[in-house]
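Here are a few exercises to work through with the model open in your viewer. Try each task before you read its solution.

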Amino acid sequence: MYNKYIIEKKDLDNLPPSYKEVAINYSSNYSIIQKKVNDINRLKKKINSLNNDVETLLYDTKKIYNQLKFIKKNYIPRIYVKSYTKNNKYQNYINIVVNYFGVSKTIYLGKREKVLTSFNIDSSLSEKKIKQNILTSISPFIFKCCKDVKSKFDFLDLSITSKTIFTNIISNNTNDSFSNYLKGFRID
């Protein structure tokens, strides 16, 4: 870069005022530029430091994510709603599939019309909305049933039927939620 003073300070007094002003403007601009460059360098160091912090946090977050993914896969039951027809007939039926500890159980709920009226679900909704409403109604009960299950063998021995689902959900109108289910786990 250029020098701050092309003409030394002691020689400025020997110049005419207009030239002296140009030299002063040059030196003040030079000072401002140097300050801005220093600010840029300081911010670059800060950005590098923040990038390093973000990389460290991303690495830690990835490890935690993998732990949570394992916990979710192995300790939280996954519930699916399946609707199907038999022998290519018009009648639709609904099943619930519960996957827990890598084992699946299928629970027959019944004919679509019966299930929708039992859960007070409007039949004019889309298939996706109907399944979401059924899951919303059934999930708390399934989580409650699976709360005491500690292994895949306990899950295989667990008996969940459509009758127990309908009697517990419809008659009790349970308000349990997924967060309440998770609160039920104790870390010893």
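A residue counts as buried under 20% relative accessible area, as exposed over 50%, and as partly exposed in between. Keep in mind that this is a predicted model.

**Exercise 1.** Work out whether Arg78 is buried, partly exposed or exposed, and find what surrounds it.

*Solution.* Start with the location: Arg78 sits in strand 1. Next, take its relative accessible area, which is 28%. Because that value falls between the two cut-offs, Arg78 is partly exposed. Now look across to strand 2, where Asn99 is the bridge partner of Arg78. Leaving out residues up to four places away in sequence, Arg78 touches Lys73, Val97, Val98 and Asn99. Finally, check Phe101: it's 23 residues from Arg78 in sequence, yet the two C-alpha atoms are 9.7 Å apart.

**Exercise 2.** Lay out the sheet: which strands pair, in what order, and which ones are at the edges?

*Solution.* Take the pairs one by one. Strand 1 (residues 78–85) runs antiparallel to strand 2 (residues 92–100), with eight bridges between them. Strand 2 also pairs with strand 3, again in the antiparallel sense and over eight bridges. Put together, that's an open sheet of three strands in the order 1-2-3, with antiparallel pairing. Strand 1 and strand 3 (103–111) are the edge strands, each pairing on one side only. From one strand to the next, the twist averages 25°. For a spot check on strand 3, find Lys105: Val98 stands opposite it.

**Exercise 3.** In the hairpin of strand 1 and strand 2, which residue takes a positive phi?

*Solution.* Go to the link between the strands, which has six residues. Step through the backbone angles there and you'll come to Asn87, with a positive phi near 50°.

**Exercise 4.** Which strands does helix 4 lie across, and at what angle does it run to strand 1?

*Solution.* Pick out helix 4, residues 127–146. Follow it over the sheet: it lies across strand 1, strand 2 and strand 3. Then compare directions, and you get about 135° between helix 4 and strand 1.

**Exercise 5.** Place Tyr75, classify its exposure, and name the nonpolar surface patch it belongs to.

*Solution.* Tyr75 is in helix 2, which covers residues 17–75. Its relative accessible area is 39%, so Tyr75 is partly exposed. On the surface, Tyr75 joins Ile64, Leu68, Phe70 and Ile71 in a nonpolar patch. Together these residues have about 490 Å² of accessible area.

Key:
Residues numbered from 1 in each chain as written. Predicted model: local features only at pLDDT ≥ 70, side-chain atom pairs only at ≥ 80, totals over all residues. Heavy atoms only, no water. Patch = residues over 30% accessible without salt bridge, like charges linked within 9 Å, V, L, I, M, F, W, Y side chains within 5 Å. Areas by Shrake-Rupley, 256 points an atom, 1.4 Å probe, with all protein chains shown as cover. Salt bridge = Lys/Arg side-chain N within 4 Å of Asp/Glu carboxyl O. Helix = DSSP H or I, 4+ residues; strand = E, 2+ residues; numbered from the N terminus. Buried < 20%, exposed > 50% of the residue type's maximum accessible area, 1.4 Å probe, protein only. Pairing = 2+ DSSP bridges. Axes fitted to C-alpha atoms, helices over the stretch in contact; angles between N-to-C directions. Contact = heavy atoms within 4.5 Å.
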